[in-house]
Amino acid sequence: MSILNETHDPALRSWLASAHAGGTDFPIQNLPFAVFRRRGSTEPARGGVAIGDQIIDLAELHQAKPFSGRAAEALAAGSQSTLNALMALTPAHWSALRLALSRALREGAPEQAVLQICLVPQAQVEYLLPARIGDYTDFYTSIHHATNVGRLFRPDNPLMPNYKWVPIGYHGRASSVVVSGQNFARPCGQLKAPESSAPVLGASQRLDIELELGVFLGQANALGEAVPITEAEDHVFGLCLLNDWSARDIQAWEYQPLGPFLAKNFATSISPWVVSMEALAPFRTAPERPAGDPAPLPYLDSEHNRSAGALDVQMQVTLQTPAMRAQDPASGAVICTTSYRHAYWTLAQMVAHHSVNGCNLQPGDLLGTGTLSGPTLEQAGALLELTAGGKNPIKLPNGEQRAFLEDGDTVVFRAWCDKPGQARIGFGECRGQVLPARSL
Ligand code: CA
C-alpha cells in the first residue's frame with residue numbers, strides 16, 4: 001500500500017510550464033499512464049505518461065535508457081503497445097518508475113534534455129485502450145445506488161439481504177470496452193412494455209449512463225490462491241473513469257434470473273488515463289459503514305481498510321445535447337456531482353472477494369466499481385435514479401428535458417482529487433456520444 005513520499009510533495013515544480021497551468025489534471029504529482037499514437041498516423045501504439053499538456057513517449061524514452069534497475073525494467077514494459085507487461089510487474093517497479101520520472105521532470109533535472117525530445121502534445125494524439133483486457137467484472141459497491149434502484153422495484157424492501165455482507169458483482173464482457181471518444185449506436189434488443197403480452201425487437205428507448213471508476217489489475221494471483229485483503233492493493237495498478245452504458249428497457253425484461261446481459265455489453269467507455277494507486281495516496285479516507293451495520297467477515301476486513309480503504313475521488317457528469325452543441329461546442333449541463341468516498345465496499349474488498357474462491361485475476365483485467373451514487377439525489381450517477389425511472393425528467397438549463405438519453409447526446413465524465421496541502425490531480429475525461437440505432 002502506498003504511503004506519502006517525495007513524489008507527492010505539493011511544492012514540486014516541473015521544468016515544463018504546462019504542468020503548473022491552473023486546473024491541469026496532470027501536474028508532476030500525478031503521472032498517469034495511457035497508450036497512444038499520433039492521430040491519423042500508422043505509428044505503433046506505445047505507453048505514455050501525462051505531464052501538463054504533453055505525453056512522455058515511453059518507447060522513445062526507453063531508447064535513451066535514462067534509468068536503471070526497477071525503473072528501467074518498468075520503462076521497458078511501459079514502452080509496449082499495451083500496458084499489460086507493466087501491470088504484471090510489482091508495486092516496487094511502478095513506484096521506481098514514478099520516482100525516476102518525477103525526479104527527471106523537476107526543475108533543474110539533468111535529464112531534462114533527454115525527456116524534452118520524448119514529449120508529444122496531447123492535442124496531437126489518439127488514445128487506445130490502456131491494456132488488453134482479458135476479463136471485465138462489474139461490482140455494485142454504492143449502497144446508495146443499490147438502494148435507489150432497489151426502491152424502484154421493491155419500495156418496501158429496497159436493499160437485498162446479502163448487500164451488507166457480499167460485494168456484489170457480475171462478469172461483464174471485455175470485447176466491447178472502448179476508449180473515450182469512441183461513439184456507439186443505440187442498442188437494439190427485446191423490449192416488453194408492462195402492458196404488452198409479448199416483447200418486440202426494437203431500439204432501446206431507455207438508454208442510460210452509469211458513473212463508475214474502472215480498476216486495472218496488476219500482478220496476477222495463481223488459480224486457486226486467494227489474495228488476502230492486506231495484499232489486495234498490491235494487485236491494483238490504477239484507476240480510470242468508466243461509463244457502463246445501460247439499456248434499462250432491455251435490462252428490465254432480460255435480467256431475471258441471471259442478471260445483466262445484452263443491456264450492458266454493447267459498449268462500456270473508459271478514460272484513456274490510468275491514475276496509479278500511489279498518485280492517489282494523499283486522498284485516502286475511511287470507508288463509510290454506518291454504526292449498527294454488520295462487521296465485514298474477516299477476509300473482507302483489515303485495520304488499513306477500516307482507516308483508509310476509501311478514496312475521495314470527486315466525480316462529475318456533464319450532458320451535452322445536440323441543441324447545446326449547436327449553440328456552443330464546449331457547452332454542457334452538469335447533471336451529477338459526487339465522490340467515490342461514499343462507496344460501501346472498497347477496492348481492497350473487491351479484490352479480496354473476487355479471489356476468495358481461488359479465481360485468478362490477471363494483469364490488465366478490469367473491474368468496475370458499480371454506479372457511484374452518493375447519499376443525495378443530486379449525487380446519483382444514473383438517469384434511472386435522477387429521474388425516478390423516467391418519471392421525473394431532469395430539466396436542463398436551456399429548457400430541454402431528459403428522462404433518458406436521446407440520439408446525439410454526449411456524456412462526459414470527469415474526476416479529480418483535491419484537498420488542502422496537496423496538489424490537485426485529475427483523471428482527464430471519459431466521453432461518448434449516442435448515435436442513432438442501426439436499422440433492423
Ligand atoms: Ca454498472
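The exchange below concerns His8 and the interface between domain 1 and domain 2 in a predicted model.

In this predicted model, local features need pLDDT of at least 70 and side-chain atom pairs count only at pLDDT 80 or more, while totals for chains, interfaces and linings use all residues. Residues are numbered from 1 along each chain as its sequence is written, and side-chain values use heavy atoms, with hydrogens and water left out.

Trainee: Is His8 buried or exposed?

Mentor: Buried means under 20% relative accessible area, exposed over 50%, partly exposed in between (1.4 Å probe, protein chains only). His8 has 4% relative accessibility, so His8 counts as buried.

Trainee: Which residue offers a backbone oxygen to the side chain of His8?

Mentor: Contact means heavy atoms within 4.5 Å. Leaving aside neighbours within four places in sequence, the contacts of His8 include Arg98, Ala279 and Gln422. At 2.6 Å, the side chain of His8 reaches the backbone oxygen of Glu278.

Trainee: Which residues of domain 1 lose the most area to domain 2?

Mentor: An automatic or database domain assignment gives domain 1 (6-128) and domain 2 (136-435). Buried area is the accessible area (1.4 Å probe) that two parts lose on being put together, summed over both; here it is about 2300 Å². Together giving 25% of what the domain 1 side buries, the residues that lose the most are His8, Asp25 and Met87.

Trainee: What is the count of salt bridges between domain 1 and domain 2?

Mentor: A salt bridge is a side-chain nitrogen of Lys or Arg within 4 Å of a carboxyl oxygen of Asp or Glu. Asp25 and Arg424 form a salt bridge at 2.9 Å, N to O. Between domain 1 and domain 2, the count is 2.

Note on methods: Polar contact = N/O pair within 3.5 Å; in protein donor to acceptor, adjacent residues only side chain to side chain.
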